[in-house]
Amino acid sequence: MTRLLAAALALVGLAACAPPTPTAQAGKLVVAGYGGSYQEAFEQAVLPGFEKSCGCEVTYIAGSSTDTVAKLKAQKDAPQIDVALIDDGPQAQAAEAGLLAGLDPVKVTRLDKVEKVARLAGDVGVGFALTATGLAYNRDWYAENGLPAPKRLADLANPKLKGKVVLPSISNTYGVGALMLAARAAGGSERDIDPGFAGVKKVAANAFTFDTTADVSNYFLQGQAVASVWGGSRVETLADKDFPIAFVYPEAGAIPLLATANVVNKAPHPDLAQQFVNALLQPGIQRELAAEGYDGPTVTDARLDPAVAERVVGPEQAAEMKPLDWTVVNGARSAWTDRWTKEVERS
């Protein structure tokens, strides 16, 4: 993290936000976002430089996307959070509920550099990092057991994988991704989900467990899992620990997963919040997030080292991925969850 810290501090200090004003300096900016490696990156690399350049103090509150949205709902009448970093699915729910504010192009000056896949409806929030939901597998175990690399979700239903697959729970975004991978591979869609449940049920017969945390690293490290539905950036992070894991873009297409930055509606410090979102779109910060966390950049002018570019979602891969219709998904989510509980995890 030393390299990320040094580079990001310099970059944020130069270009993260406008010169401080008396209004901008007042109070404490509160950012709610991802835990784990994301929290480490933000607290060590992004936040100190932003605080220095803006003359402000930032508090980071870690939590899952659903936890953050729950906080926004509970605080709707008196928000205590200024910026929310959340996945695109929960973000769509929060936007529909009126919990998020539109971005001000005067303050968020980088919007015209954002890739199409990362521009959100009405510019209520913006994608600042892009990864893919696809397949993860242990290369050594597959080779030792004479199995070819998986090409589709259905390959995880191979009897040789009995008790060796970790499937994500429908309670997290990867679980929705698994369901949609199965649906699309069989000609289904968000509006025709039956093929998805049929496909996931076949794989569930091999499941060791259904993960609710979105982090299946330990299952792989402890040998409890040799395959899963997971995110490309998380796979690459585990691979950096010299673990023989690889990511596969399924034949029917991976599912794009956006990390979004959002200004909370009626935020205590709206100007600072807008400036913070703009900071995350700076090409230097985008490059460092890609280098350290393997999240693909969402701006067109972030030039990556070739070695990094090979391990993140690039423009060509992004163009091939079809975003989910989160309006349909979120509308059906409760019914899908009930059905998943009855048909998949209890099958």
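This report describes how the two domains of a predicted model meet, and then turns to two of its helices.

## Domain layout

The domain assignment divides the protein chain into two domains, each built from two segments of the sequence. Domain 1 covers residues 28-130 and 257-315, while domain 2 covers residues 131-255 and 326-344. A distance of 26 Å separates the C-alpha centres of domain 1 and domain 2. Where the domains touch, domain 1 contributes 15 residues and domain 2 contributes 14 residues.

## The interface between the domains

The size of an interface is often expressed as the accessible area that is lost when the parts come together. For domain 1 and domain 2, the buried area is about 1,300 Å², and carbon and sulfur atoms account for 48% of this area. On the side of domain 1, the residues that lose the most area to domain 2 are Leu-257, Tyr-294 and Arg-311. Together, these three residues make up 44% of what the domain 1 side buries.

Polar and charged groups also pair across this interface. Two salt bridges are found between domain 1 and domain 2, along with eight residue pairs in polar contact. Helix H5 (88-96) and strand S5 (126-138) each provide at least two residues of the domain 1 side that touches domain 2. Helix H5 gives the most to that side, with five residues. By residue type, the domain 1 side that touches domain 2 consists of eight nonpolar, three polar and four charged residues.

## Arg-311, Glu-236 and helix H10

Arg-311, already named for the area it loses to domain 2, forms a salt bridge with Glu-236 through their side chains, at 2.7 Å from N to O. Glu-236 is one of the buried residues of helix H10, which spans residues 232-239. The other buried residues of helix H10 are Gly-232, Ser-233, Val-235 and Leu-238.

Several elements cover the buried residues of helix H10. Among them are strand S5, helix H9 (217-221), strand S8 (227-231), strand S9 (245-248) and helix H12 (283-293).

## Helix H12 and Tyr-294

Helix H12 is largely enclosed by the rest of the structure, because eight of its eleven residues are buried. At its start, the buried residues include Pro-283, Gly-284, Ile-285 and Gln-286; Glu-288, Leu-289, Ala-290 and Ala-291 are buried as well.

Just after helix H12 comes Tyr-294, which adopts a positive phi of about 60°. Tyr-294 is also among the three domain 1 residues that lose the most area to domain 2.

Note on methods
Residues numbered from 1 in each chain as written. Predicted model: local features only at pLDDT ≥ 70, side-chain atom pairs only at ≥ 80, totals over all residues. Heavy atoms only, no water. Domains from an automatic or database assignment. Contact = heavy atoms within 4.5 Å. Buried area = accessible area lost by both parts, 1.4 Å probe. Salt bridge = Lys/Arg side-chain N within 4 Å of Asp/Glu carboxyl O. Polar contact = N/O pair within 3.5 Å; in protein donor to acceptor, adjacent residues only side chain to side chain. Helix = DSSP H or I, 4+ residues; strand = E, 2+ residues; numbered from the N terminus. Nonpolar A, V, L, I, M, F, W, Y, C, P; charged D, E, K, R; others polar. Buried < 20%, exposed > 50% of the residue type's maximum accessible area, 1.4 Å probe, protein only.
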